[in-house]
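Biologist: Before we discuss this model, I would ask that each term be set against its cut-off. Please begin once the structure is displayed.

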Amino acid sequence: MGVAHNATTTSIEEAPLAADRPVSGLADELVDHRFKALPPDAEGLTVGALAAERRNLFTGGFTTPVLALSAESVEHNLALLETYAERHGLAFAPHGKTSMSPQLFARQLEYGAWGITAAVPHQARVYRAYGIRRIFLANELVDASALRWLAAELDSDPEFRFICYVDSVRGVELMDEALRAAGASRPVDVVVELGAGEGARTGARTEADCAAVADAVAAAGTLRLVGVAGYEGEVPDASAERVRAWLDRLVALAVDLDRAGRFAAGEQIVISAGGSAWFDAVAEVFARIPELSAPVLKLLRSGAYVSHDDGHYRHLTPFNRVPEEGALQPAFRLWAQVVSRPTDEQAFLNAGKRDAAYDLDLPEAQVVRSGRDGTVRPATGVSVTGLSDQHAWVRTEPGAELEVGDWVGMGLSHPCTSFDKWQLIPLVAADGTVTDYIRTFF
């Protein structure tokens, strides 16, 4: 990532991805009925062969509904976060739960990411299957079967770096028991998670609790304490002031644990935070981290940026507060067809909850592509008012042009619940050419 280093930031090694880059094997998968919206006449082709045909999304035989990712917007967003992290001296481990796409992980790593963040063991297994060499698990890992798998992965690959949360003495005990039973030869690196406050999600609630967890790690021969972490997005009634105050606590905790000699000797000290809503505050507070006894890895974990959205994150993105640093571009567009126009005020599209994220906001009608001549116009007077399993309920204002057969292009809110409804997503250039297909593993 070419990070602009300071006295407390180490250099970022190159290419935290397996040399054989098995992600290329995804092009050999056969196109068939498993994948929604792909052209029926493409069945039996490999994904790579279909991509090489460079079909048009609208005239190349794709069926509706079909989710598309803008190739240009994805590249723009990847480059913007790389630049942002460089400017602020941050390392970056984007949260992979957003896309669960090894192809996008590879692109994120090419754009300088230190590694990829996971939430649960299954995600880490997917990452390893596709060559990810650095994984930050933003959760306490107490599953004995998963820890047995992790011990084997660490033992078999000396270049594999894994870090996870610990937030309780009991959790540390369970980890130690499972790793000892597995015969682990390499210790597992852990960071103490500081909770974001009463009523927040996970994490030790007080500094005294964190110290007790650190003591438990020191007593466990299978673990190494390498830093502190947390998630500022869970600060109750979050505001810039409250988020910065919690981040100051996180940094102070790292300072106190360092002074007490509780971090593993000879290792980087990891200080990690940063979802997709407050990474500007993270950058501001992390810029003030004092010099510690070892170099500091300031690790940001934002994940939604890769596709951004037209709803939740459009309103929450820190770039709204710092527009001089750039702007993310929404990359998703869900295309559905008008299949019923029962009244002048109502229409129905053939996309619903099975196809579109709806947990935060409804899809936003943006453009209409004529089913007669292919011309595209703004979706003036057209709005989505509800979703059934396989239908979108649409209200049309007087004078709105919409007829059966038209395609409606909709923006989506919340990338994490958009990616997970599609196993193979066309990556589409601005002229409609499908340049690739993004495989997901949920």
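Modeller: R128 forms a salt bridge with E153, the closest N and O atoms being 2.8 Å apart. The pair links distant parts of the chain, with R128 in helix α4 and E153 in helix α5, 25 residues apart. This is a predicted model, in which local features need pLDDT of at least 70 and side-chain atom pairs count only at pLDDT 80 or more, while totals for chains, interfaces and linings use all residues. Residues are numbered from 1 along each chain as its sequence is written, and side-chain values use heavy atoms, with hydrogens and water left out.

Biologist: What makes the contact of R128 with E153 a salt bridge?

Modeller: The term requires a side-chain nitrogen of Lys or Arg within 4 Å of a carboxyl oxygen of Asp or Glu; the closest N and O atoms of R128 and E153 are 2.8 Å apart, so the pair qualifies.

Biologist: Why are α4 and α5 called roughly parallel?

Modeller: Their axes (lines fitted to C-alpha atoms, for helices over the stretch in contact, with angles from 0 to 180 degrees between N-to-C directions) cross at roughly 25 degrees. Angles under 35 degrees count as roughly parallel, and therefore α4 and α5 do.

Biologist: Why is D189 called buried, and R224 partly exposed?

Modeller: Buried means under 20% relative accessible area, exposed over 50%, and partly exposed in between (1.4 Å probe, protein chains only). D189 has 4% and is therefore buried, whereas R224, at 27%, counts as partly exposed. R224 and D189 also form a salt bridge, with the closest N and O atoms 2.7 Å apart.

Conventions. Helices (H or I, at least four residues) and strands (E, at least two) are DSSP runs, numbered from the N terminus. Angles under 35 degrees count as roughly parallel, over 145 as roughly antiparallel, 65 to 115 as roughly perpendicular and the rest as oblique.
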